[in-house]
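Subject: Structure handover

Dear colleague,

I am handing over the structure we spoke about, and the sequence and the coordinates are shown just below. Please have them open while you read the notes that come after.

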Amino acid sequence: MKELWGRKVLLKEMNEEKSVDEVSLKMPAMKEVDAKTVQCLRCGQLHDKKNVELYSERYFCPACIQLGRVDTDQQFYHLPEPEPIARNVCFFWEGELTKGQQVVSDSLVDSVKKAESRMVWAVTGAGKTEMLFKSIHYCLKEGKRVAIASPRVDVCLELFPRIQAVFPKEDVVVLHGAMTETYRYTKLLVCTTHQLLRFFRAFDLLIIDEVDAFPFVGNPLLQYSVEQAVKENSSLFYLTATPTKDLMKKTAQKKLELSILPARYHRRSLPVPKIKWCYHWQQKIAQGKHPRVLTKLIRRLVSTNDLLIFCPSISLMECLETILKADFPETPLTCVHSQDPERLEKVMNMRKKNYRILLTSTILERGVTFEGVSVIVLGANHPVFTTAALIQIAGRVDRRMVYTAGEVWFLHDGCTQIIKEALQQIKTMNRIGRERGLIDEM
Ligand SMILES: [Zn+2]
């Protein structure tokens, strides 16, 4: 019944249903809080009884229904994690940490030893994953259980082979909503934050990557899942390039330790966005006219690098695509957004340099690396671009070892506080990086 160790699952979610009744612990699936309210014990959400009644005093949870329905007729099956037993763990990594990465890596190992939680605020393109290896290795050697979770499936799929390569003899399982593989017990796993809802007191170390990304940020259900998934004595690591105000508050109150990595592994400062006024960009493009400022800038930037142009809406992006195809007939370009069925193919073709210009919605704001690109944000004053989004977008430039003089431009027709904050944060990180001797002057 290893399958139930540290898990909290319904009977229908189990691979082996037989004999489960005799061996496992049972926990209620829902709880009556008061005469009017029920709570789901998978996702922690409270519901007004009258909204979630199935039939005579039987209730269900709509909040986590995408994982299969929880209702008052069911119960969770669970077995506690066994006591950890120290063991040998094969660790294979030939890379070398930079001075800045080493400091963070050491503090993470330290936190694991003390069972304390820590946020790592590392700039975009800093090389976050490598800094985790030592603390993961330490935990596994102690016989403990480790999970790396991300709100985004694509991040999980990218992390999995890297983790497996470093721990080549470990059985690593990857869990997400669209997988076909059945669950099995492992000491090391990579999963989406939604999958944590099926765990209970499982992990000695839980790492949440991109903690400020959708759908984790501001989602009480996923935050509950994290609290439930860790053991009482455990470490939680949050990784982010753009921490939320909430997390910053926790570090200020010392509820969360903080490590800052202000510089990238290649020791160059973050590109600071240049801001430029672009009069009536929205109206002009909607009328099929190109703003002169924009076309002039594109012409200059594509002479040295490929170009990503971030647009605030799909309709505007499509208008701009038509305009640019007429203006730059020799330059292969396309546009991409989240509903685009060819989205993966287009991104791959941009990476292969089959396109020179890619117009995109905010879907490419994080998680992707292109070689030799410049970036334009068209309408950086549009409300779709938050401070975190602008910092992430600016962070697409100059991520590789080879320097290509990529630039970041924010075009706007009214500079906002959000734009100013993004610039301020980028400059602050560069200043800290210089003070700590982690950045070389060019
Ligand atoms: Zn629920």
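What follows goes through two sheets, then a pocket and the cavities.

Please keep in mind throughout that this is a predicted model.

The first sheet

Seven strands make up an open sheet whose order is 10-11-9-12-13-8-14, with parallel pairing. At its edges stand strand 10 (172-175) and strand 14 (257-261), each of which pairs on one side only, and from one strand to the next the twist averages 15°. As background, the strands of a sheet pair through backbone hydrogen bonds, which may be arranged in a parallel or an antiparallel way.

Starting from the edge at strand 10, this strand pairs with strand 11 (residues 188-192) in the parallel sense over four bridges, and Val173 has Leu189 in strand 11 as its bridge partner.

Strand 12 (residues 203-208) deserves a separate look, and one may ask how many of its residues are buried. Six of its six residues are buried, so that the strand is mostly covered. On one pairing, strand 12 runs parallel to strand 9 (residues 146-150) over four bridges, and here Ala149 finds its bridge partner in Ile208 of strand 12. Strand 12 also pairs in the parallel sense with strand 13 (residues 230-240), in this case over five bridges, among them the one that joins Phe203 to Val230 of strand 13. Helix 5 (residues 220-229) belongs to the same region of the description, since strand 12, helix 5 and strand 13 together make a β-α-β unit that is right-handed.

The second largest pocket

Helix 5 and strand 13 return at the second largest pocket, where they and helix 6 (245-252) each contribute at least two residues to the lining. The space in this pocket comes to about 360 Å³. There are 16 lining residues, and those closest to the centre of the pocket are Gln223, Tyr238, Asp246, Leu247 and Lys250. Sorted by class, the lining has eight nonpolar, four polar and four charged residues.

The second sheet

A further open sheet is formed by six strands in the order 15-20-19-16-18-17, and its pairing is parallel. Strand 15 (274-277) and strand 17 (333-336) are at the edges with a single partner strand each, so one side of each has no neighbour in the sheet. The twist in this sheet averages 20° from one strand to the next. Within it, strand 19 (residues 373-378) and strand 20 (residues 408-412) pair in the parallel sense over four bridges, and the bridge partner of Val375 in strand 20 is Val408.

The cavities

The structure holds three cavities of 30 Å³ or more, and the largest cavity has a volume of about 70 Å³. Which residues line the largest cavity? They are Trp121, Val123, Thr124, Ala241, Leu270, Ile391, Gln425, Ile426 and Met429. Helix 12 (residues 417-435) gives the largest share of this lining, with three residues. By class, the lining of the largest cavity is made up of seven nonpolar and two polar residues, with no charged residues.

With best regards

Conventions: Residues numbered from 1 in each chain as written. Predicted model: local features only at pLDDT ≥ 70, side-chain atom pairs only at ≥ 80, totals over all residues. Heavy atoms only, no water. Buried < 20%, exposed > 50% of the residue type's maximum accessible area, 1.4 Å probe, protein only. Pairing = 2+ DSSP bridges. Right-handed = clockwise from strand over helix to strand, strands pointing away. 1 Å grid on protein atoms, 1.4 Å probe; cavity = no way out; pocket = protein on both sides within 12 Å on 5 of 7 lines; lining within 4 Å. Points joined across faces, edges and corners; volume = space filled by probe spheres on them. Nonpolar A, V, L, I, M, F, W, Y, C, P; charged D, E, K, R; others polar. Axes fitted to C-alpha atoms, helices over the stretch in contact; angles between N-to-C directions.
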